[in-house]
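Please work through the following exercises with the sequence and the three-dimensional model at hand. Each task is followed by a solution in steps.

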Amino acid sequence: MFFLQKINPNHILARFCNFSDTDETVEFKTSFGRVTAETDLLGNELNALTDTITFKPWEIKTIKINCFLWIFSYIWFGTA
């Protein structure tokens, strides 16, 4: 499950959840940007991240993605 929120033309917040009873490691690969930080629900950065993120059981994380292609932001959200 995920949720996307545009915070400006160059950044997107995406929320992910681990729906299992075990720790899980996820590797994010995007063609339009890179994972830069874990944030709170308001988009305030908590810590820097790489493209590999570990989730505890049933953990929800909000991830900030720096978009390299502004056109993705325009197409996905309708505004630049």
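The exercises below go from the overall fold to individual side chains.

The model is predicted: local features need pLDDT of at least 70, side-chain atom pairs count only at pLDDT 80 or more, and totals for chains, interfaces and linings use all residues. Residues are numbered from 1 along each chain as its sequence is written, and side-chain values use heavy atoms, with hydrogens and water left out.

**Exercise 1. Describe the secondary structure and the burial of the protein.**

Step 1. The protein has one helix and seven strands; these are DSSP runs numbered from the N terminus, with helices being H or I of at least four residues and strands E of at least two.

Step 2. Along the sequence the order is β-β-β-β-β-β-β-α.

Step 3. Of the 80 residues, 34% are buried. Buried means under 20% relative accessible area, exposed over 50%, and partly exposed in between (1.4 Å probe, protein chains only).

Step 4. Of the contacts between residues at least 6 apart in sequence, 66% join residues at least 24 apart; a contact means heavy atoms within 4.5 Å.

**Exercise 2. Characterise the surroundings of K61.**

Step 1. Locate the residue: K61 belongs to strand β7, residues 60-67.

Step 2. List its contacts beyond four places in sequence: A14, R15, F16, E38, I53, T54 and F55.

Step 3. Examine the charge. K61 is buried without a salt bridge, and E38, the nearest side chain of opposite charge, is 4.0 Å away. Lys and Arg count as positive and Asp and Glu as negative, while His and the chain ends are not counted. A salt bridge is a side-chain nitrogen of Lys or Arg within 4 Å of a carboxyl oxygen of Asp or Glu.

Step 4. Identify other partners. A polar atom of the K61 side chain lies 2.9 Å from the backbone oxygen of T54. The charged end of K61 also sits over the ring of F55, 5.4 Å from its centre; this requires NZ of Lys or CZ of Arg within 6 Å of the ring centre and within 35 degrees of the ring normal.

**Exercise 3. Find the salt bridge and place its two residues.**

Step 1. The structure holds one salt bridge. The side chains of K64 and E45 form it, at 2.9 Å from N to O.

Step 2. The pair links distant parts of the chain, with K64 in strand β7 and E45 in strand β5, 19 residues apart.

Step 3. K64 is buried because its relative accessible area is 12%.

**Exercise 4. Analyse the aromatic pair of F19 and W58.**

Step 1. The structure holds two aromatic pairs. Rings of Phe, Tyr and Trp (its six-membered ring) pair if their centres lie within 6.5 Å; planes under 30 degrees apart count as stacked, over 60 as edge-to-face and the rest as tilted.

Step 2. F19 and W58 are edge-to-face, 6.3 Å centre to centre with 85° between the planes.

Step 3. F19 lies in the loop between β2 (11-17) and β3 (24-27), and W58 in the loop between β6 (52-55) and β7, 39 residues apart.

Step 4. F19 is partly exposed, at 49% relative accessible area. W58, a residue other than glycine, has a positive phi near 60°.

**Exercise 5. Determine which backbone atoms the side chain of D40 reaches.**

Step 1. D40 lies in the loop between β4 (33-39) and β5 (45-48), and is partly exposed at 24% relative accessibility.

Step 2. A polar atom of its side chain is 3.0 Å from the backbone nitrogen of G43, and the D40 side chain reaches the backbone nitrogen of N44 at 2.8 Å.

Technical notes
A polar contact is a pair of N or O atoms within 3.5 Å; within protein, one must be able to donate a hydrogen and the other to accept it, and residues adjacent in sequence count only if both atoms are side-chain atoms.
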